[in-house]
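Please look at the sequence and the model below before reading on. The report then goes through its parts chain by chain.

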Amino acid sequence: MILSPEILTILILNAIFALFGTVAFVLSVRIFLKWDANATTKTQYALEKQSYLAATIVKYIFAIKVPLFLFFIFTLDKISNVLTGAMCGAGVVDATDYGNYLFVLKIINLYIFAYWIVLHNEDVKHENQPYTKLKFGFFIVAFFLFIGEIILEGIMFGAIDLEEMVSCCGTIYSSSAGSYMAQIFAIGNTTLVSIFYLNYLLITLFFFLKRRYLYSVANLLFIVISIVTLITFFGTYIYELPSHHCAFCYLQSDYYYVGYLIYALLFLGTFYGLVTGFIETDAKNRLRNYKISFAFNTLYVILLSLYPIIFYIKNGVWL
Amino acid sequence: MKSKINFYLIEYAINALLRQRSKNIFIVVVFTLLTALLSSIFYITNSIKYELDSTVEALPQIIVQNMKAGRHYDINVDRVDDILSINGVSDATARVWGYYYFEHAGVYFTLVGVDQFETQYKESLAKIVKSFDFDANSSMVVGQGVQRSMEQNYYKEYLNFVKPDGSMKRVALGGVFDAQTTLESNDVIVMSKEDVREIFDMSQESATDIVVTVANPEEISTIASKIKLLNPNARVITNEDLRVSYQNIFNYKSGVFLALFIIALFTFFVIIYDKASGLSSEEKREIGILKAIGWRVEDVLKEKFYESAIVSVFAYVMGVMFALFFVYVLQAPLLREIFVGFSDLKPTFELPFIFDVQTLFLVFFLSVPIYVAATIIPSWRVATLDADEVIR
Amino acid sequence: MIQLRDVTKIYELNKNDSVTALADVNLDIKEGELVVLKGASGSGKSSILSIIAALSKPTSGEVLVDGKKISKLLDNFASVYRRDNIGFIFQKYNLVPTLSVRDNILLPLVPLNLEESVAQEKLNVVMKLFAIEHKESAIVKNLSGGEQQRVAIARANVNSPKIILADEPTANLDEKLSLAFIEILRELKSLGKTIVIATHDPLFFGLDFVDREIEVHNGKILL
């Protein structure tokens, strides 16, 4: 177990999140069970007040979670220096059984919290607050995922063994790896990249046709295919090395931290894409969500495409 | 809407803070002190780590000592040849040195013996050997700390060393080397190996230890184990071992400190919560008025949040800057003693200025979010007060 | 304009004790009317104002303002309603003494984050109306009683509300200031505002521009 100050900080903040999250959870349960917008009872008035507290807590957690996530990545990088074999965050994530699940869970939770906040903002615009029960019910479910993440994070940091050797991204992301990674690589770049651009075309199509649900679904798929192609294809052009598939290394200074930009664009584009489908709102807002989503997704595609194109222009060949 | 940031609200928040001046000044001061303390600790540890790393660079790669009865004992000089025969060893030198207790001042001097015709194992020594002349007449070159000690005890041009048998050896002062040569130069006296041997009553075949230089730094640990095999009763220390042992003591101290800090933080949390909850009727009235003239609960919450943010960020920035001043300008009196407890590292070295963005983030995460968290519930309580009852 | 239908308001002090501030109150106030609610302290007239301002919710009954049910509004919307429709003049003015006249008047609009020019425009209108434009940057605690009064009234009017509510506005004033206030009321009435005043100050009784005087006693309206 490493107890560096960074890890300690993350654990302390997690403790605070857990504490406040539980408060929000208790309130959510109460509100979910007893909320009655038409009642004029004392209970209802109390619930109204409590819903503000719950909302404030969720906003607070999310506001800290985002920079903390970045900090988490920095921390992984820092730990990789003391963990034999790890050269970037990927090695640290892979050092325990929990690392990968934790990472995916963290990202899912980011989407969930962001979604809750958008739902909440929409809810309070209406006099009868129509989505209150829905949003608190949703939070009840989200809470378990959230606590799961905190517990998992604690376990993961506790389980990192300094004595044990870990693999570097070179082995984790190679086609010879024993896991699902290998199967993905087996599909072949041409197919994967084609799916990627096809998906983007679908997004564009549904954007212009303004088909909400199809647009959202296309965005959901886009998350998956983007990350896959990023690892198998586009990443190699960022590194200019056909065997370097690491999803973490371009977060480092060697690559001008471009990784952060890439992931930010992807998150924002797909998140707003999901919002158009899954949040009921007025036409003006919906249009705004469409535009934001499409803009970020397009920027993402352009940014990623530039790497292989520029490489080809500079060198005359593909990798 | 102009921009997303409501400057009117920020202005109001600042005003509200100033209206509760004494309470808020107290909070800001406490918070600044906490952040300053925390930042100082991190700055000091960062600087020492850096200093440590650079020092370790200068340390010999492998030191071989002879052990007898669990204690360090003189080693035989002919072991040098054995070691030189190992593949990968580029150089092995027998060192003659020791600690001499200067009774008058109650301090220890480090006596380092040099042989003019040998390649020195340390560059700083090479410089000294080049610039000064150790001739047949015993003379020595000393560090500034030694010179000071000597002068304080009225020894100006020579020093009388007391040998183990009680007799004295007079060694003339040949020169003083400047402080830039080494970290440890302060209490060091350089003289010929012969003189050192004489003062410590060591035979010609004895040496204090042997330092080994390895051609390929990656092979240090392998060669160290080979040396150990050849000399089972020897203690073989690599520079990595030294670094790790310093680091461990160091990390241990940081860990203890951090644990204490958490307790302080918790106390702080409780104090803030309490302070924020204790609303004067004045404050309650103000909030009541705001709601009566049309502020929503969210608006009041936002304003309270701005208040927390302003206080905590302000205190954070102040704390970080005070710490910078405290550590790098004042050189962290008192505090650095906690971390610098090694006899080898003399206290007069200067903490180098290391700027680390991650440290800033670390301190930020350990302070601002915690303060804001402490104010969430009290702010909410205020914001949801029934305006009706307050205005009566 | 303002309609109270069978409004009852009970305050629960603790588990066993409660106070009935209003009992089955029915009230109709037309637009542009100036109504004076007469009654001793504790008669319930202040509660009526609170309810019209949506500062408190009736235990039972309904309140309609301009046809809209405001009795059950959630806090957010109640505040917005208040901000846009009601100008409240308090007994003790309740200005922030350390802020300037300008900041005090604009206080209700702070959360709106209006464009500088829009805010200034609104400010100018009310400052002119109540003759305090020359004191825009003065700090309120340095003003005279009369000037503070006008600032309080200006604040109540800054967002051009349709309804003005005043709770014992002259309770802390001397006769001169009280009369000055009455003159301002006349001014407001001429602007077409609907005005409801809760007071037991006899200066208000029998005034020519008052449309109705309603007596409130023990939570009930006496006709």
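What follows describes chains B and C and then two residues of chain A. The model is a predicted one.

**Chains B and C in outline**

The table sets out some values for the two chains.

| Item | Chain B | Chain C |
|---|---|---|
| Helices and strands | 13 helices, twelve strands | six helices, ten strands |
| Residues | 392 residues | 223 residues |
| Residues that count as buried | 35% | 44% |
| Share of contacts (separation of 6 or more) made by residues 24 or more positions apart | 82% | 71% |

**A helix in chain B**

Helix α1 of chain B covers residues 7–19. How far apart should the ends of its 13 residues be, at 1.5 Å a residue? The expected span is 18 Å, and the end C-alpha atoms are 18 Å apart, so the two values agree.

Which residues of α1(B) are buried? They are Y8(B), Y12(B), A13(B), A16(B) and L17(B). A general point about helices helps in reading such a list: an α-helix has 3.6 residues a turn, so residues three or four places apart point the same way. The buried residues of α1(B) pack against two other helices of chain B, α2 (21–58) and α10 (297–329).

**The sheet of chain C**

Chain C contains an open sheet of six strands with mixed pairing. The strand order is β6-β7-β8-β3-β9-β10. Which strands form the edges? They are β6 (86–89) and β10 (220–222) of chain C, each of which pairs on one side only. On average, neighbouring strands of this sheet are turned by 25° against each other, with direction ignored.

One pairing can be followed in more detail. Strand β7 of chain C, residues 163–167, runs parallel to strand β8 of chain C, residues 194–199, and five bridges join the two. Within this pairing, L165(C) has V196(C) in β8(C) as its bridge partner.

Two helices of chain C can be placed relative to these strands. Helix α5 of chain C, residues 145–157, packs on the sheet and touches β6 and β7 of chain C. The direction of α5 makes about 160° with that of β6(C). Helix α1 of chain C, residues 45–52, lies across β3 (34–38), β7, β8 and β9 (212–217) of chain C. This helix runs at about 150° to β8(C).

**The overall size of chain C**

The C-alpha trace of chain C spans about 50 × 40 × 35 Å along its principal axes. What radius of gyration would a compact globule with 223 residues have? The value would be near 17 Å; chain C has 18 Å, which agrees.

**Two residues of chain A with positive phi**

The last part concerns backbone angles. Most residues other than glycine have a negative phi. E240(A) is not a glycine, yet its phi is positive, near 55°. This residue lies in the loop between α9 (212–239) and α10 (258–278) of chain A. Is E240(A) buried or exposed? E240(A) is exposed, because 12 other C-beta atoms lie within 10 Å and the limit for an exposed residue is 12 or fewer.

Y257(A), again a residue other than glycine, has a positive phi near 55°. Y257(A) is found in the loop between α9 and α10 of chain A. With 12 C-beta neighbours inside 10 Å, Y257(A) counts as exposed.

Technical notes:
Residues numbered from 1 in each chain as written. Chains lettered and ligands numbered in written order. Predicted model: local features only at pLDDT ≥ 70, side-chain atom pairs only at ≥ 80, totals over all residues. Helix = DSSP H or I, 4+ residues; strand = E, 2+ residues; numbered from the N terminus. Buried ≥ 20, exposed ≤ 12 C-beta atoms within 10 Å, placed from the backbone. Contact = placed C-beta atoms within 7 Å. Expected span 1.5 Å × (residues − 1). Pairing = 2+ DSSP bridges. Axes fitted to C-alpha atoms, helices over the stretch in contact; angles between N-to-C directions. Rg over C-alpha atoms; globule rule 2.2 N^0.38 Å.
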